[in-house]
Each structure stands twice: as structure tokens, then as C-alpha cells.
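User: Hi! I'm new to reading protein models, could you walk me through this one?
Analyst: Happy to, let's put it on the screen and start with your questions.

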Amino acid sequence: MDQGRLERVKTWQQRYVDERKYAGSAVLIHQGGEETFYHAVGKRNLEEGLPFSRDTMVRIYSMTKPVTSLAIMMLLERGMFHLDAPVSDFIPEFSEMKALVPGATAIDQTEASRSPTLHELLTHTSGLSYPFNPGVLPAAMDERELMFKPRQGSLAAMVAELASYPLAFQPGARWEYSVSIDVLGRVVEVVSGKNLGEFFRSEIFEPLGMQETGFRVPEGVGDRFASLYTPLVGDAMALNSAKPGGDTLRLTDSYGGSPFETADMMSGGGGLVGTIDDYMKFAEMLRQRGACGDGFIISPQTADFMMRNHLPGDIASMGPQSFAEQPMEGMGFGLGGAVVLDPGRARCPGSVGDFSWGGMASTFFWVDPVLDLSVVFFTQLSPSSSYPSRAELKALVHGAVCQ
């Protein structure tokens with residue numbers, strides 16, 4: 001990588017801080033397994049003037065999804081299930097499902113439906129949704145706060161309540177960003193006999209050396225836990241009703257009173273907190289096709305299977321009507337993350353086969369098998385759709401690769 005061109009990344013990070021778009025950020029790049037770039041700018045806590053540092057801990061939100069998807073693939077390799085198994089085999093509440101009829105205007109306008117499969121849950125084609133998406137089911141979910149927030153109690157209880165609602169569409173009919181990975185977190189618990197936090201810790205985090213990643217901010221972290229900001233008036237997660245205006249960096253959550261410090265919900269779709277070096281260990285494992293120390297967390301063949309496109313075409317061809325962390329044209333979807341099919345159609349520099357995903361607080365990572373790259377970007381601004389930082393960062397990184 002051209003170190004002179006990488007200086008542009010620093011300039012770009014500083015511009016976001018100077019323009020009060022992000023309070024602070026960090027970028028970490030590995031190529032061929034070696035660190036080639038790290039830079040942090042700005043503040044993790046504006047109110048106290050604390051710098052965004054290497055050991056800053058952040059909410060990674062939906063970057064939890066690839067971790068849960070990995071857990072499912074680990075259990076798959078052990079012969080515990082096959083991906084076409086209906087989720088009702090593991091969670092009986094999903095046994096008698098209904099789906100909204102096409103064009104439904106009320107939650108009771110339904111028809112019979114089969115239970116979604118594990119594969120449909122992994123690929124967001126299950127018929128489930130998110131409260132912040134448009135539509136009848138999201139509105140009903142929003143009313144009941146079916147969001148798997150840090151302080152919402154038992155994962156089993158919330159998944160059971162979710163199963164009492166109809167699907168937004170028949171399984172397999174569309175792609176819609178959803179809480180399906182939270183449901184898969186419960187599948188991990190049922191199959192493994194461990195709660196999700198314990199499975200992650202013993203089977204993934206400890207082997208990879210991810211010592212500061214989990215569903216709750218560890219005791220003693222204190223002000224290393226970054227503050228969360230939003231440019232929106234109102235709830236930073238309520239995308240259907242959020243309005244811009246006022247302070248571009250309005251504080252919404254901080255250490256000392258954050259629900260992540262007392263979390264009891266193990267959200268496989270968005271509950272983890274961690275540091276940039278910890279998440280790079282996860283990204284590097286994916287780049288190395290499952291390698292972990294002298295062994296493998298999953299086999300190279302399973303890693304390849306996980307990071308290939310599992311849709312008939314790109315996401316756009318599946319008629320999405322939802323918020324998503326990524327472009328939809330030219331982008332396929334694997335198991336837990338997006339896959340670049342055509343960088344031209346995605347209108348963003350990248351390599352065919354890039355595997356990536358992001359989080360609601362504007363965090364992002366990608367693994368590039370062609371250029372042998374792993375890149376992790378941390379900041380704390382919700383929602384992630386506020387600025388085009390991900391596409392800009394990809395362009396900057398690709399502009400610094402001279403090979």
C-alpha cells in the first residue's frame with residue numbers, strides 16, 4: 001500500500017470531525033496479515049474532551065450479525081442441523097405461522113405460511129422485519145418495541161413474542177433487513193445448550209483473543225466506552241419518524257448510564273460492544289478462511305460458503321423495501337454479510353467477492369480476498385445512513401493500493 005496515499009484517509013477522517021459529522025473515528029487496515037495503517041481522530045466523548053483512542057470501546061450493533069452467523073456455521077459443521085431446516089424445529093412457537101397478504105393494510109390481513117428456514121433467516125429472506133422499516137409488520141413491532149434492545153430481558157421470551165406476529169411476506173419471496181439473526185441467536189442457545197454470550201465467549205472470542213468484546217460493557221472500562229451521537233431530532237433509531245435538525249452531534253448515550261453497561265438481552269443481531277483490535281481479529285479470521293492460531297474456527301470450505309452470494313441475483317432483484325447497511329445494486333448477500341458481485345453496479349470501488357457489513361452507529365468492516373485486505377472503521381453516530389462514509393472510505397483505501 002502507498003503510505004503517501006494512505007495519508008488521505010487521515011485527512012478525510014479529520015474533515016468529518018471538523019465538519020461536526022463524527023465526534024471521532026478510527027481506521028485499522030491489515031494487508032496480508034500485517035498492520036499497514038491505523039489512525040484515530042477526534043473525541044470518543046465530546047462533553048469531557050476524551051480522545052478517540054485505540055482502546056476505545058464502541059457499540060458495534062449489526063456488526064454482531066456476522067458473529068452470530070459464524071456461530072450457526074460452527075454448529076452446522078458439527079452436524080447439528082441442515083440449513084433448510086425450519087426454525088420451528090428449534091423454536092416451537094414458529095410452528096403455525098401466518099404471513100400478511102400482499103398489499104395488507106392491517107396486521108390481521110393474513111394467510112397461512114410455512115415456518116422460515118435457517119437459510120432464509122441467515123439471508124434476510126425469512127419474512128421477518130425491523131421496527132424501523134416501512135410497512136404494517138414494522139409498525140406493529142415498533143408499537144411493542146420488538147427491537148432486542150440491551151435492557152429488554154430474556155432472548156427466549158422476546159423471540160417467542162415475535163413468533164406470535166405474522167410475517168411481512170411469504171418466506172423466500174423478498175429480501176428485507178430483519179431481526180432474523182436475533183432469532184438465530186436463540187437457535188444457537190437451543191442447539192448448544194449454552195446462552196449466546198457464553199457460546200460466543202468460549203467458542204469464538206477466547207480462541208480469537210477478543211478479550212474486550214461482549215454483550216455488556218465490562219466493569220472497569222468506564223470512560224473508555226464511547227458516547228453515541230445523532231444528527232436527528234428524536235430517537236436516533238426511529239428512522240421512520242426521525243427528523244434532521246438542531247445539533248449535528250446530539251448526545252444520546254454515554255458511559256455511566258448506558259443500557260449497555262447493564263445489558264440483559266443477548267442480541268445476536270445487534271448487541272455486542274468491543275474494541276477495534278478485537279473486531280480486526282474477527283475480520284482477519286474471515287480473511288484467512290476460518291483460521292485461528294494453529295487450527296480453524298470453521299473450515300476454509302465453510303468460510304468460502306459463508307462469504308459467497310446466496311441470493312438468486314443481487315439484493316435489488318429481491319424487491320427490498322427496507323433500510324439496509326449497504327448498497328443493494330451489484331451486491332449479493334452471503335451468510336451474515338454482503339458480497340460484492342459487480343463493483344460497477346454498486347457504484348463503489350471494490351473487488352468481486354468483498355465480504356462486509358456495518359452497524360447502526362456507522363461502524364463498518366470489509367474483507368477483500370483479491371487484495372488480501374481487512375479493514376475496520378469505528379465511529380459512533382446513529383443512524384449509519386447519515387453520511388456516505390463507507391463508500392468514501394472504500395474509495396480511499398482502494399486508491400492507496402498500488403499492485
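User: Which residue just after α4 takes a positive phi?
Analyst: That's Glu145, with a phi of about 55 degrees. Keep in mind that we are looking at a predicted model.

User: And which residues of α4 itself are buried?
Analyst: Helix α4 covers residues 136–143, and its buried residues are Leu137, Pro138, Ala140 and Met141. They span an arc of only 160 degrees around the axis, which puts them on the same side of α4.

User: What do those buried residues pack against?
Analyst: The buried residues of α4 pack against β5 (97–100) and α5 (155–162).

User: Let's switch to strands. How many residues of β17 are buried?
Analyst: Strand β17 runs over residues 364–368, and 5 of its 5 residues are buried, so we can call it mostly covered.

User: Which way do its side chains point?
Analyst: Phe364, Trp366 and Asp368 point one way from β17, while Phe365 and Val367 point the other way. There is a general pattern behind this: in a regular strand, side chains alternate between the two faces of the sheet.

User: Which strands does β17 pair with?
Analyst: One partner is β16 (residues 355–358), which runs antiparallel to β17 and is joined to it by 4 bridges. Another is β18 (residues 373–378), also antiparallel, with 5 bridges to β17.

User: Can you show me some residues that face each other there?
Analyst: Sure! Val367 in β17 is the bridge partner of Phe355, and Val367 also stands opposite Ser374 in β18. Trp366 in β17 stands opposite Ser356.

User: What about the hairpins, which residues take a positive phi there?
Analyst: In the hairpin of β16 and β17, with 5 residues between the strands, Ser362 has a positive phi near 75 degrees. In the hairpin of β17 and β18, with 4 residues between the strands, Asp372 has a positive phi near 60 degrees.

User: Back to β16. Are its faces covered or open?
Analyst: Both faces of β16 are covered. Phe355 and Trp357 are buried on one side, and Ser356 and Gly358 are buried on the other.

User: What sits on from β16 besides β17?
Analyst: Strand β15 (residues 338–340) pairs with β16 in the antiparallel sense over 2 bridges. There, Ala338 stands opposite Ser356.

User: New topic: rings! How many aromatic pairs are there?
Analyst: The count comes to 20 aromatic pairs. One of them joins Phe200 and Phe205: the pair is edge-to-face, with 5.6 Å centre to centre and 65 degrees between the planes. Both Phe200 and Phe205 are buried.

User: Which rings are linked into a cluster?
Analyst: Ring pairs link Tyr130, Phe132, Trp175, Tyr177, Phe333 and Trp357 into a cluster. You've met Trp357 already, as one of the buried residues of β16.

User: Which charged residues lie over a ring face?
Analyst: Arg54 lies over the face of Tyr38, at 4.3 Å from the ring centre. Lys394 lies over the face of Trp366, at 5.3 Å from the ring centre. Trp366 is also a buried residue of β17.

User: Last one: what does the whole chain look like?
Analyst: The chain has 11 helices and 18 strands. Its radius of gyration is 20 Å, close to the 22 Å that the globule rule gives for 403 residues, so the chain is as compact as a globular protein of that length. Of the 403 residues, 58% count as buried.

Conventions:
Residues numbered from 1 in each chain as written. Predicted model: local features only at pLDDT ≥ 70, side-chain atom pairs only at ≥ 80, totals over all residues. Heavy atoms only, no water. Phe/Tyr/Trp six-rings, centres within 6.5 Å; stacked < 30°, edge-to-face > 60°. Buried < 20%, exposed > 50% of the residue type's maximum accessible area, 1.4 Å probe, protein only. Lys NZ or Arg CZ within 6 Å of the ring centre and 35° of its normal. Arc of directions from axis to C-beta. Contact = heavy atoms within 4.5 Å. Pairing = 2+ DSSP bridges. Rg over C-alpha atoms; globule rule 2.2 N^0.38 Å.
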